Amino acid sequence: MAAQILDGKALAREIREGVREDVARFQAETEVQPGLAVVLVGDDPASRIYVSNKERACQAAGIYSEEHKLPASTTQSDLLDLIGRLNRDPRIHGILVQLPLPDAIDEGAVLDAIDPAKDVDGFHPVNVARLVLNQEGLRPCTPAGILELIERAGTPLRGAEAVVVGRSNIVGKPVAMMLLHRHATVTLCHSRTRDLAEVCRRADVLVAAVGRSEMIRGDWIKPGATVIDVGINRQADGSLRGDVAFDEAVQVAGAITPVPGGVGPMTIAMLLVNTLTAAHRQVGAPAAPAGG
Ligand SMILES: Nc1nc(=O)c2c([nH]1)NC[C@@H]1CN(c3ccc(C(=O)N[C@@H](CCC(=O)O)C(=O)O)cc3)C=[N+]21
């Protein structure tokens, strides 16, 4: 029997609609419109597309958004100045600096400069620590979206074997921590892991975030497993491939995300959720938004 396809696009649409309603209520109660600033340095064409998708999603949800496009030659101190202004700007509740940054800029110094209360990517060390300690904070958008998809699949996490392939700061490490907090037994794999296929075959939940097109094969998957494909590997013909060989995996898995239309749209939906959550906390509004 073929796997259930986890439709991230449809789930993201539902979440964005919920955010739209919550934004309207928040604004009626507080007279504050949630605001997001997106900073893009250089003009990586892929980054530009994501940034314009984010802008459209904000508009549809009633979130104010502004885009700061800086040339690739921008200095670190100019970028830090901009972040300082956005930190102090009362219209802005969320700040997202699109990664990667040009080589001449120290990414850590830039992330450190963002006010943790406005850090809607959840990349500031304070938010990383809050995640590890399971304290209230802002959670990274892609991992948060992955957890929503797993929940939607109805996959129980308590006591389950979860295998995460990829140890990046933006996906692998935080998603592993979030799965751990849901009481999964988590294995975090990477390029040096021995017998990777064998480890993957133990997984009740498999999260692939390696950035290598179709590396995870159908025979690496435990029958009935929930498979989350975070890969967005652009092919020469312009199409996208995941990290999982979908046509093989769909025959074995219990549930699987497609690429495109899986994790990607959820990332943007969770960015809107985080922006509304950040606005709530900064304004000190009475009711917290659902899903925050
Ligand atoms: N500070 C920062 N935060 C990020 O969240 C961040 C970033 N930097 N740098 C780049 C990556 C990439 N990213 C994506 C978001 C949405 C889709 C998305 O919506 N994808 C669609 C379609 C994409 C398409 O067709 O091109 C899908 O998978 O269905 C993809 C990728 C966020 N990123």
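**Note on the predicted model: domains, ligand shell and annotated sites**

1. The span of residues 6-121 is 52% helix and 16% strand, and the C-alpha atoms at its two ends lie 23 Å apart. The model is a predicted one. For this span, an unreviewed UniProt entry lists "domain: Tetrahydrofolate dehydrogenase/cyclohydrolase catalytic".

2. The domain assignment of the protein gives two parts, domain 1 (31-121) and domain 2 (141-264). Taken over C-alpha atoms, the centres of domain 1 and domain 2 are separated by 28 Å.

3. The ligand is surrounded by 19 residues, of which Tyr50, Leu99, Pro260, Gly264 and Thr267 are the closest. Two or more residues of this shell come from each of helix 2 (45-61), strand 4 (94-97) and helix 10 (263-283). By character, the shell divides into 12 nonpolar residues, 6 polar and 1 charged.

4. Where does the ligand lie with respect to domain 1 and domain 2? Both domains give residues to the shell around the ligand, so the ligand lies between them.

5. UniProt, again in an unreviewed entry, places the feature "binding site" at Gly166, Arg167, Ser168 and Ile232. Arg167 is found in the loop between strand 5 (161-165) and helix 7 (172-181). Arg167 counts as partly exposed because it has 17 C-beta neighbours inside 10 Å. Beyond its neighbours within four places in sequence, Arg167 is in contact with Gly172, Lys173, Leu188 and His190.

6. Ile232 belongs to the loop between strand 8 (226-229) and strand 9 (233-234). With 19 other C-beta atoms within 10 Å, Ile232 is partly exposed; a residue counts as buried at 20 or more. Not counting residues up to four places away in sequence, Ile232 touches Leu240, Val259 and Gly264. Gly264 is also among the closest residues to the ligand.

Terms used:
Residues numbered from 1 in each chain as written. Predicted model: local features only at pLDDT ≥ 70, side-chain atom pairs only at ≥ 80, totals over all residues. UniProt positions renumbered as here; feature names shortened; annotations may be inferred. Helix = DSSP H or I, 4+ residues; strand = E, 2+ residues; numbered from the N terminus. Domains from an automatic or database assignment. Near = placed C-beta within 6 Å. Nonpolar A, V, L, I, M, F, W, Y, C, P; charged D, E, K, R; others polar. Buried ≥ 20, exposed ≤ 12 C-beta atoms within 10 Å, placed from the backbone. Contact = placed C-beta atoms within 7 Å.
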